[in-house]
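Please consider the sequence and the three-dimensional structure shown below. The paragraphs that follow lead through its main features in turn.

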Amino acid sequence: MRLALSLFALPLVVGEPYNTFDGPGFPACNEVAAVKTPETVDEIQSLIHDAIDAGQQVRASGKAHMWYDTMCSDDPNTVIIQTENVNKIYDLDLDAGTVIIEAGVTFLQLADYLHERGASAGYTLVNWNITLAGCVAMGAHRSSIREDSMVASGVLSLDIIDGNGELRHLERDDSDEWLAASTSLGLLGVIVRMKFKIYPDFKVYADQKTLDDDEVLDGDIYGMIAPYATANFWWWPYKRKFHWRYYDVVDNDINEQQGFQNTFSVTPLEASAIKALWNSGKYLATSNMLAEEILFGQWESPNFREKTTNKDISEWPVYGWNYDVLIGGLYPDQKPVWEHGLNGDTLELAFPVTQANAVLKRARELFDDELKKGLVMTSTYRSGINIKFGRPYFDLLGQVTYNTSDGADWTKGAIMFDFPSYKPSVGDGSRFNEPFYETFVKALVKEFPCRPHWTKNTREVFELAKINLDKDHLARFKAVREKFDPKGLYRSVVGEIIGVYD
């Protein structure tokens, strides 16, 4: 029997974890029965029927853009359907501004495809290593208050295989079915096809200023972000500095420069040096302080190259085609940080932008409380703490929805506090002053209306944060979930925690 199951589960054996992009030791699901890699939509549907007949559960996975073991339920009899090979792009209509994409199409695939044909996805942009269907499921977004930046805002229709193995077609409207599908958490089924909005390709510039803490904490945060097509902060808490990055549209012929942003890649030498510092930073605050000094200095200069020559760009502003500048990807001679063993923990919470100053001031106070104890806290991430923003977009479970029962004003948008940190590869793997992180999240969750990012938080954070979720939205989502997946084929830990299976 075990042999038969092992053969069915290739390339994994029964009981092995399904990992996040960080690889072994970082499970998205602690135990799974099988990992399947279909190549067509029909094959996905067939695999779902097989799982139903076998009494198994199913979870879809794109590039496993997860940080913790929250993607599946804890039922080891779960089949993972990897969608990456189901990646056709077709029916491009430049006049109508639409294109059809399948389940496994990544942002970078779509961006390259469109750029070659004089088109772009506008501002519905995400990291290069995420599938667009996965973005919709988890409520992903670009940092913008001015523009529609939720990926779901670019979706005109979608096809989803429900819990009965049936293909459902949804057109954008104001129904609860659509509002649930916009941030579905994968609980309604597998999104296998989407019609996506596109635009003529365009160029943008990127510029950056360095600010002292008080210029942001006591400043007009909304006024610094809202005027631009996209903008964000990177916070360096030990340095008491912010980098303020902002982008906007320019004429296509304004500059011949073709800038390309490096989002995650490093050289082997850089990786080795910073890993040594951060590992020693498990025990010594001074190592983390030095690392923040070095990385802050690197981030002062543009993290861009000229795409046509691969040479570093040394001066702001930077110009280039929109997805190259806004997102970019990996430099051709480098690998992403996680392939160098630079792994991390993270925390991301969204708050009303009207409370942005109060949230950041409270975070500053929490850092300073540790300093009073003689414990210097720093950022242990290559670009500092990422402070992003989101334009309001109404759905049931999104980070930037509004008209919710918490009484907060979400109608001007949200501030996302994205706090990644290096996970040491020495000792027990805990971070310097590990208890601080629990104190930090408890304070922010209990003191402010907030919503969790659906793939960047631990089970414990979801348990804490669920009190801030709108009960009516949850009930409406649950009703759609029961209609689409009455037997809980696509069940997950997150769905269980927020109560849509009660």
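Residues 27-201 have end C-alpha atoms that lie 38 Å apart, and this span is 21% helix and 29% strand. The span corresponds to a feature in the UniProt record, an unreviewed entry, which places "domain: FAD-binding PCMH-type" at residues 27-201. It should be noted at once that the structure is a predicted model.

A separate division of the protein gives domain 1 (16-82) and domain 2 (204-303 + 332-468). The centres of domain 1 and domain 2, taken over C-alpha atoms, are separated by 29 Å. How do the two domains meet? Contact is made between 11 residues of domain 1 and 13 residues of domain 2. The size of an interface is often expressed as the accessible area that is lost when the parts come together. Between domain 1 and domain 2 the buried area is about 1100 Å², and carbon and sulfur atoms give 55% of it. On the side of domain 1, F26, W67 and Y68 supply 48% of the area buried against domain 2, more than any other three residues.

The interior may be considered next. The largest nonpolar core has 93 residues, and those with the most contacts inside it are I101, L110, L158, M194 and F196. At least three residues of this core come from each of domain 1 and domain 2. M194 illustrates how such a residue is surrounded: apart from its neighbours within four places in sequence, M194 is in contact with V99, I100, I101, L132, A133, V136, V155, S157 and L158. Of these partners, I101 and L158 are themselves listed with M194 among the residues with the most contacts in the core. A second core, separate from this one, has 50 residues and includes F233, F432, F436 and C450. C450 counts as buried because its relative accessibility is 1%.

The cysteines deserve attention in their own right. How many disulfides does a search of the whole structure find? The search finds 1 disulfide, formed by C29 and C72 with their sulfur atoms 2.0 Å apart. C29 lies in strand β2 (residues 27-29), whereas C72 lies in the loop between β4 (57-61) and β5 (78-82), so the pair ties together parts that are 43 residues apart in sequence. The torsion about the S-S bond of C29 and C72 is about 70°, and the disulfide is therefore right-handed. Both C29 and C72 are buried. Why does C135 not form a bond with C29? The closest cysteine sulfur to that of C135 is in C29, but it is 18 Å away, which is too far for a bond. C135 also counts as buried, because its relative accessibility is 1%.

Finally, certain points of the backbone call for comment. Most residues other than glycine have a negative phi, and most peptide bonds are trans. D91, in strand β6 (residues 89-93), has a positive phi, near 55°. D91 is exposed, because its relative accessible area is 56%. N310 is not a glycine either, yet its phi is positive at about 65°. N310 is located in the loop between β18 (304-306) and β19, and N310 counts as partly exposed because its relative accessibility is 31%. A cis peptide bond joins W316 and P317, with omega at about -5°. P317 is found in the loop between β19 (311-312) and β20 (318-321).

Terms used. Residues numbered from 1 in each chain as written. Predicted model: local features only at pLDDT ≥ 70, side-chain atom pairs only at ≥ 80, totals over all residues. Heavy atoms only, no water. Disulfide = S-S within 2.5 Å. Helix = DSSP H or I, 4+ residues; strand = E, 2+ residues; numbered from the N terminus. Buried < 20%, exposed > 50% of the residue type's maximum accessible area, 1.4 Å probe, protein only. UniProt positions renumbered as here; feature names shortened; annotations may be inferred. Core = buried A, V, L, I, M, F, W, Y, C linked by side-chain atoms within 4.5 Å. Domains from an automatic or database assignment. Contact = heavy atoms within 4.5 Å. Buried area = accessible area lost by both parts, 1.4 Å probe.
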